[in-house]
Amino acid sequence: MADRKEKTFRFVIVGGGIAGVTCAEQLSSQIPSADVALITAGPHIKAVTNYKQVSRTLEEFGVEEQPSSVLEEKFPNLTVIHSAVKSLHTQSHSVETADGRVFGYEKLCICSGGRPKLLTQDNPYVIGIRDTDSAQEFQKRLSKAKRIVVVGNGGIALELVYEVEGCEVIWAVKDKAIGNTFFDAGAAQFLIPSLEADKPERAAPCKRPRYTTEEPAPGASQTFTADKNARRQGSSSTEAGSALGPDWHEGLALRGAEQVSRRVSLEYQCEVEKIFTSAELLNSPQQTLRPENGSWPVYIQLTNGKTFGCDFVVSATGVVPNTEPFLHGNNFALADDGGLQVDDHMMTSEPDVYAAGDVCTACWEHSPLWQQMRLWTQARQMGWYAGRCMAAHVLSEPIELDFCFELFSHITKFFNYKVVLLGKFNGQGLGPDHELLVRCTKGQEYVKVILSGGRMVGAVLMGETDLEETFENLILNQMDLTRYGEELLNPDIDIEDYFD
């Protein structure tokens, strides 16, 4: 293998998503004399745009698809190689691409991302949404659809259910509330009226709020309907293979074949039992599975015993680390979630091989206020930090774990509300001794603070609360807030005056 190397680069990065591109940019600018190669399957790369540091740890940015020539023009020492990786040989420090070429490396960073966990492989009626091609395929099929079933409870499922118009949606979630990855039942209740209201051009108070605090019983369902054709427009494009941008649905008119604007039925605490075609259904011995009026191309049976016919099923159940081409013949330590284990310098267990983004699992001792979530922000941070570590090691310079790993922070948008998540925003791993303070104004804002031992350890902010910087400081400096009690969230007190 070694004697077939076409060229040896000082640094090779695999993957044209946010982590890989950020890593390649960092290395190319930090050591302009080094030869850097970025190996990516697609013709385009994902670039970070309009980056702004909102506060010490919070950052906001857009993600846009660009031709890879943009990178090569910016960094003369960077070469983009368009091919998938077929195999990695850590012993000979070489990578073989799908088109049979072999490249050597001194240091390698694997940023191959995640691939969607599909409910079933090779079923034409089940589609996963992960990249642009699948998002466009979804849009095309939706335009002829009257009813779809969405399975999953993460960011893509949340966005999808909110954006789809003119098509009935049955949404199956395995949790007791929507958006379980990001927030609790209270926050979910705050968002739910948005499913019934017409889509606003901007966040407006809901006309028919319907709040319940009781948990839905297992197998319970709720239905929300909105009428009126509101449309949103924007522009977006994404690259085959790497994950969608945060605004992936902008500019995709997600309209079905029906007149109603939005109709969503939620099925809680259930998963998929079985998926079958109408032919299989008719031949099934169970009379209970006889279709309701009309017949559908595909039927889905849920673990709560209900069966629904639909035009197609959307599988939005998260991603698994895309390690496949790199494992064979090598000795990588893998984490329980299937990711490549990395230490606090983003190094894997194989010498001179680093990893960043969705493909890796952070296996250093985490700060008590940080957790890994496979999100855009962390892909950018890890790619940037991996690039700095690789450069430091080559230059024999010391490097400390970056400050961004001190506190988990993420800004996003759900149902048209700005959402900020800080620290242990869902009380992750805190045990029973933590307390919650909540303030909620229907249709406007939802603020939740998590205190442990009188100190703030996490927060969820929805709407324009302007509290993110203050709360970030309170979490970082771990000040004892016991004496403020409930006043901490009193809307009549300008909390910033307390803690400047």
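Helix α4 (residues 155–163) buries Ala-157, Leu-158, Glu-159, Leu-160, Val-161, Tyr-162 and Glu-163. That makes 7 of its 9 residues, and the helix is mostly covered. Buried means under 20% relative accessible area, exposed means over 50%, and partly exposed lies in between, with a 1.4 Å probe and protein chains only. Helices (H or I, at least four residues) and strands (E, at least two) are DSSP runs, numbered from the N terminus.

This is a predicted model, in which local features need pLDDT of at least 70, side-chain atom pairs count only at pLDDT 80 or more, and totals for chains, interfaces and linings use all residues. Residues are numbered from 1 along each chain as its sequence is written, and side-chain values use heavy atoms, with hydrogens and water left out.

**Strand pairing**

Two strands pair if DSSP finds at least two bridges between them. The table lists four pairings.

| Strands | Sense | Bridges | Opposite residues |
|---|---|---|---|
| β1 (residues 7–14) and β8 | parallel | 7 bridges | Phe-11 and Lys-107 |
| β1 and β2 (residues 36–40) | parallel | 4 bridges | Val-14 and Ile-39 |
| β25 (residues 434–441) and β26 | antiparallel | 8 bridges | Glu-435 and Leu-451 |
| β26 and β27 (residues 455–462) | antiparallel | 7 bridges | Tyr-446 and Met-462 |

Strand β1 has parallel partners in β8 and β2. Strand β8 (residues 102–110) contains Ile-110. Ile-110 counts as buried, at 0% relative accessibility. Its C-alpha lies 7.0 Å from that of Gly-15, yet the two residues are 95 apart in sequence.

Strand β26 (residues 445–452) pairs with β25 and with β27, both times in the antiparallel sense. How much of β26 is buried? The strand is mostly covered, with 7 of its 8 residues buried. Both hairpins have a glycine with a positive phi. Between β25 and β26 there are 3 residues, and Gly-443 has a phi near 70 degrees. Between β26 and β27 there are 2 residues, and Gly-453 has a phi near 60 degrees.

**Helix α10**

Helix α10 (residues 468–477) has its own set of buried residues: Glu-468, Thr-470, Phe-471, Glu-472, Leu-474 and Ile-475. Gln-478 follows α10 and has a positive phi near 50 degrees.

**Aromatic contacts**

How many aromatic pairs does the structure hold? There are 11. Trp-370 and Phe-405 form one of them, edge-to-face, at 5.4 Å centre to centre with 85 degrees between the planes. Trp-370 lies in the loop between β22 (360–362) and α9 (376–394), and Phe-405 in the loop between α9 and β23 (409–414), so the pair ties together parts 35 residues apart in sequence. Both Trp-370 and Phe-405 are buried.

Phe-408 and Phe-425 form a tilted pair, at 5.4 Å centre to centre and 35 degrees between the planes. Phe-408 sits in the loop between α9 and β23, and Phe-425 in the loop between β24 (417–423) and β25, so this pair links distant parts of the chain, 17 residues apart. Phe-408 is buried at 1% relative accessible area, and Phe-425 is buried at 0% relative accessibility.

For these pairs, ring centres of Phe, Tyr and Trp (its six-membered ring) lie within 6.5 Å; planes under 30 degrees apart count as stacked, over 60 as edge-to-face and the rest as tilted. Trp-364, Trp-370, Tyr-385 and Phe-405 make up one aromatic cluster.

Elsewhere, the charged end of Arg-141 sits over the ring of Phe-312, 5.2 Å from its centre. The cut-offs for such a contact are NZ of Lys or CZ of Arg within 6 Å of the ring centre and within 35 degrees of the ring normal.

**Cavities**

The whole structure has 2 cavities of 30 Å³ or more. A cavity is a set of points on a 1 Å grid over the protein atoms alone where a 1.4 Å probe fits but cannot get out; lining residues have an atom within 4 Å of a point. The volume is the space filled by probe spheres set on the points, which are joined across faces, edges and corners.

The second largest cavity holds about 30 Å³. Which residues line the second largest cavity? They are Trp-370, Thr-377, Gln-378, Gln-381, Cys-404, Leu-407, Phe-408 and Ser-409. Helix α9 gives the most to this lining, with 3 residues. By type, the lining has 4 nonpolar, 4 polar and no charged residues. Here Ala, Val, Leu, Ile, Met, Phe, Trp, Tyr, Cys and Pro count as nonpolar, Asp, Glu, Lys and Arg as charged, and the others, Gly among them, as polar.

Note on methods. 1 Å grid on protein atoms, 1.4 Å probe; cavity = no way out; pocket = protein on both sides within 12 Å on 5 of 7 lines; lining within 4 Å.
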